[in-house]
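Here are a few exercises to work through with the model open in your viewer. Try each task yourself before reading the solution under it.

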Amino acid sequence: MKYLCQVWFDGAILDAMTKKEKADLDANSLNYDRDLVESGHMIIAQALQPPTSAVTVRVRADETSVTDGPFAETKEALGGFILIEAKDLNDAIRVAAGIPLAKLGAIEVRPIHEFGTK
């Protein structure tokens, strides 16, 4: 059985950390990922860029709408995760609009955070 472990936290906590604290957190996270790989638990792990980098895609009556941020209605819950490769955000939005559940819910499109880059 597979599980998606969503990591939710207050971004202000990270903003208040020193560079050393952030580096320690990154190192601890990567070490734990390695432990999970060695134990056979890891499938894939990625850190997401901040919610401000996200867009939400909805399709209603064959019309695609895109809004900034992860502003899905509160009655909506995460029902799945699809990791895609796209040439840019517009390409990713096009792919998200083709997901059948976009007609019933919302697809949040968020870039993956690359460690070691700015």
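**Exercise 1.** In this predicted model, work out how exposed Asp24 is, and find the partner its side chain meets in a salt bridge.

*Solution.* Start with the accessible area: Asp24 comes out at 35% relative accessible area. Buried would need under 20% and exposed over 50%, so a value in between counts as partly exposed. That makes Asp24 partly exposed. Next, look for the partner: the side chain of Asp24 meets that of Lys20 in a salt bridge, at 2.9 Å from N to O. Lys20 is exposed, with a relative accessible area of 56%. Finally, check the spacing. The two are four residues apart in helix H2 (residues 19–39), so about one helical turn separates Asp24 and Lys20.

**Exercise 2.** How many salt bridges does a search of the whole structure find? Track down the ones that involve Asp91 and Arg110.

*Solution.* The search gives three. Take Asp91 to begin with: its side chain meets that of Arg94, again with 2.9 Å from N to O. Both sit in helix H3, three residues apart, or about one turn of the helix. Now compare their surroundings. Asp91 has a relative accessible area of 14% and is buried, whereas Arg94 reaches 55% and is exposed. Then move on to Arg110, which forms a salt bridge with Glu108; here the closest N and O atoms are 2.6 Å apart. Arg110 is partly exposed at 23%, and Glu108 is partly exposed too, at 37%.

**Exercise 3.** Sketch the sheet: in what order do its three strands come, and is the pairing parallel or antiparallel?

*Solution.* Draw the strands in the order S2-S1-S3, as an open sheet with antiparallel pairing. With that order, S2 and S3 end up at the edges, each with a single partner strand, so one side of each has no neighbour in the sheet. Add the twist: neighbouring strands are turned by 25° against each other on average, ignoring direction. Now zoom in on S1 and S3, which pair in the antiparallel sense over three bridges. To pin down the register, use Val55, whose bridge partner in S3 is Val109.

**Exercise 4.** Which residues make up the largest nonpolar core, and which element gives the most to this core?

*Solution.* List the members: Val55, Val57, Val59, Ala92, Ile93, Ala96, Ala97, Ile99, Ile107 and Val109, 10 residues in all. Sort them by element next. Strand S1 (55–60), H3 and S3 each supply at least two. H3 gives the most, with four residues. As a reminder of the general picture, nonpolar side chains in soluble globular proteins tend to be buried together.

**Exercise 5.** Turn to the loops: find where Leu83 lies and where Gly98 lies, and say how exposed Leu83 and Gly98 are.

*Solution.* Leu83 is in the loop between strand S2 (63–68) and H3. With a relative accessible area of 44%, Leu83 is partly exposed. Leu83 also joins Ile43 and Ile44 in making a nonpolar surface patch of about 310 Å². Gly98 lies in the loop between helix H3 (89–97) and strand S3 (107–109). At 56% relative accessible area, Gly98 is exposed. One last check on Gly98: Thr64 is 34 residues away in sequence, and the C-alpha to C-alpha distance between the two is 9.7 Å.

Methods
Residues numbered from 1 in each chain as written. Predicted model: local features only at pLDDT ≥ 70, side-chain atom pairs only at ≥ 80, totals over all residues. Heavy atoms only, no water. Buried < 20%, exposed > 50% of the residue type's maximum accessible area, 1.4 Å probe, protein only. Patch = residues over 30% accessible without salt bridge, like charges linked within 9 Å, V, L, I, M, F, W, Y side chains within 5 Å. Areas by Shrake-Rupley, 256 points an atom, 1.4 Å probe, with all protein chains shown as cover. Salt bridge = Lys/Arg side-chain N within 4 Å of Asp/Glu carboxyl O. Core = buried A, V, L, I, M, F, W, Y, C linked by side-chain atoms within 4.5 Å. Pairing = 2+ DSSP bridges. Axes fitted to C-alpha atoms, helices over the stretch in contact; angles between N-to-C directions.
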